[in-house]
Amino acid sequence: MAVSVAGSQVTFSAPAGAAALVGDFTDWRKRPALPVVAGQSITLSLPRGAWVEYAWLDEAGTPFADPDNAQKSLNPWWPYPRAVVVGQYAQHSLWAAPEATQKGTAHRLTWEGTVFPGTRRAIVYTPHGYQSSQVVPVYYVQDGVAFYRTGKLGEVMDRAVEAGLASGAVLVFVEPGDRSAEYYLNDRYLDFLQSEVFPRVEGELATASERGLWGASLGGLISLHLGAAHPDLFSRVVSHSGAFIARPGAEKDGIIDTTTAGEWLRERLSLHPPTHLKTSLDTGVLEWLAAPNRRMAALFADADLPHQYREYASGHNWVTWRAALPEAFLYMQGG
C-alpha cells in the first residue's frame, strides 16, 4: 500500500530505493527532506480535507514517483508528484455542474517581441456572442497557457455566465517568455503590456470598461505590483498564492529569491494602500507563501480596502489555483 489515511494521520510506505520523502509538507526542496530510516514508513499529521502532493527521493537525491500510487496531480512542471487526499477535497459547485452549452471564442495572437526578445503569444477569450464594441472589463492573465488549458479560466467564465451568477469579461491569456525575469517585480513588463499587448486587444477585439491583472505565484506578484502602482491603468487584481517574498534585485545563488528576500511589496503597500483596487487574494495552506499571503490580506483588511481572501487545503500547485478560480471570478464579475 502506497499511502494510508486514518483521520488526519497519513502514512507513506517507502517503496524500494526510497531514501527520503518530499512534498507540500516540506515545501518540496525549500525545507529538509524527511529521511527514510531502515525502510520504515513515515506518518504525518495533515489537515483534514487536504489534497497533498509528494514524491520520493533516491540515494542521489533524485525525485521519483511513487510506483504504488496512480493518483497524479495537475502539476505541469514535474512528472513525479503523486497525490493523496486526507478525507475529501472540497470542489466548487461550478466544477460539479455540467459544462456550459454557450461557450466563448478564443482568438490566438502571435508576434515578435520588442520589449522582451522572442516570439510572443496570447489567447484572447471573449464571452459567448460578444462583439468588440461591447464595453466590458478586460483581464490580462499571466502564465496564459496554463490558466487557459490547466486552470480552464475561460470555462469557469462560461459556466458562471450561463448559470446567471456573473457577467462576462474578456480574458487575455498572455504567455511569458522567461517568467522569472518578466514577473519578478520587473517594471518593463508594464512596457510590454502597454506597447505590445494592449494595442492588439483593445479596439481590435475588445472595448475595455476597466482593466484587471490576474496571476498565480510570480504572476500574482507582478499583477499586484503593477496594479497597485498604476491606478490610471488598472482597477482589479486577482492573485493566487502570490510570491510576496520578493525584493527588487534580490537573488540567492544566482536565482531570484522567493524564500528570504523579505516582503517588500507589503511594506510598500502599507505606506501607499491601493485604494483604487478591487482585489482577490488566496493561497494554499500547505505552502511556504501561506503566511506572506495572510499578512498581505491582513494589510488589506486593516486598511479597509475592497478585497476577498480565501484559503484552500492544498499546496503551491494547480489543484489549489483551479479550486480558487470560481470564487475569484465570482468576486470580480458576480452580481
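Two strands pair if DSSP finds at least two bridges between them. That rule underlies the sheets described here, in what is a predicted model.

**The three-stranded sheet**

Three strands form an open sheet in the order 1-2-5, with antiparallel pairing. Strand 1 (3-6) and strand 5 (42-45) stand at its edges. Each has a single partner strand, so one side of each is left without a neighbour in the sheet. Direction ignored, neighbouring strands of this sheet are turned by 20° against each other on average.

How many bridges link strand 1 and strand 2? The two pair over 4 bridges, in the antiparallel sense. One partnership can be named: Ala6 has Gln9 of strand 2 as its bridge partner.

**The eight-stranded sheet**

A second open sheet is built from 8 strands. Their order is 9-10-12-11-13-14-17-18, and the pairing is mixed. Here strand 9 (105-112) and strand 18 (307-312) stand at the edges. Both have a single partner strand, so one side of each is left without a neighbour in the sheet. From one strand to the next, the twist averages 15°.

Within this sheet, strand 11 (residues 135-141) runs parallel to strand 13 (residues 207-216). They are joined by 6 bridges. Val135 finds its bridge partner in strand 13, at Thr207.

Helix 3 (residues 153-162) packs on the sheet. It touches strand 10 (119-126), strand 11, strand 12 (170-174) and strand 13. The direction of helix 3 makes about 170° with that of strand 12. Helix 6 (residues 218-229) lies across strand 13 and strand 14 (236-240). Helix 6 runs at about 140° to strand 13.

**Helices against helices**

Two helix pairs are set out below.

| Helix pair | Angle | Axis distance |
|---|---|---|
| Helix 7 (residues 264-271) and helix 8 (residues 290-302) | about 5° | 10 Å apart |
| Helix 2 and helix 9 | roughly 75° | within 11 Å |

Angles under 35 degrees count as roughly parallel. At about 5°, helix 7 is therefore roughly parallel to helix 8. On the helix 7 side, the contact is made by Leu265, Arg266, Leu269 and Ser270. Helix 8 contributes Arg295, Met296, Leu299 and Phe300. By class, the residues of this contact divide into 5 nonpolar, 1 polar and 2 charged.

How do helix 2 and helix 9 stand to each other, parallel or perpendicular? Their axes cross at roughly 75°, so the two helices are roughly perpendicular. Ala146, Phe147, Thr150 and Gly151 of helix 2 make the contact with Trp318, Arg322 and Leu325 of helix 9. Those residues divide into 4 nonpolar, 2 polar and 1 charged.

**The largest pocket**

Helix 2 and helix 9 also appear in the lining of the largest pocket. This pocket has a volume of about 1,000 Å³. It is lined by 37 residues. Which of them lie nearest its centre? They are Lys30, Trp78, Arg179, Trp288 and His316.

Several elements each supply at least two residues of the lining. They are helix 2 (144-151), helix 4 (179-183), strand 16 (255-256) and helix 9 (318-333). By class, the lining has 18 nonpolar, 7 polar and 12 charged residues.

Methods
Residues are numbered from 1 along each chain as its sequence is written. This is a predicted model: local features need pLDDT of at least 70, side-chain atom pairs count only at pLDDT 80 or more; totals for chains, interfaces and linings use all residues. Side-chain values use heavy atoms; hydrogens and water are left out. On a 1 Å grid over the protein atoms alone, a cavity is a set of points where a 1.4 Å probe fits but cannot get out, and a pocket is an open set with protein on both sides within 12 Å along at least five of seven lines; lining residues have an atom within 4 Å of a point. Grid points are joined across faces, edges and corners, and a volume is the space filled by probe spheres set on the points. Ala, Val, Leu, Ile, Met, Phe, Trp, Tyr, Cys and Pro count as nonpolar, Asp, Glu, Lys and Arg as charged, and the others, Gly among them, as polar. Axes are lines fitted to C-alpha atoms, for helices over the stretch in contact, and angles run from 0 to 180 degrees between N-to-C directions. Angles under 35 degrees count as roughly parallel, over 145 as roughly antiparallel, 65 to 115 as roughly perpendicular and the rest as oblique. Contact means heavy atoms within 4.5 Å.
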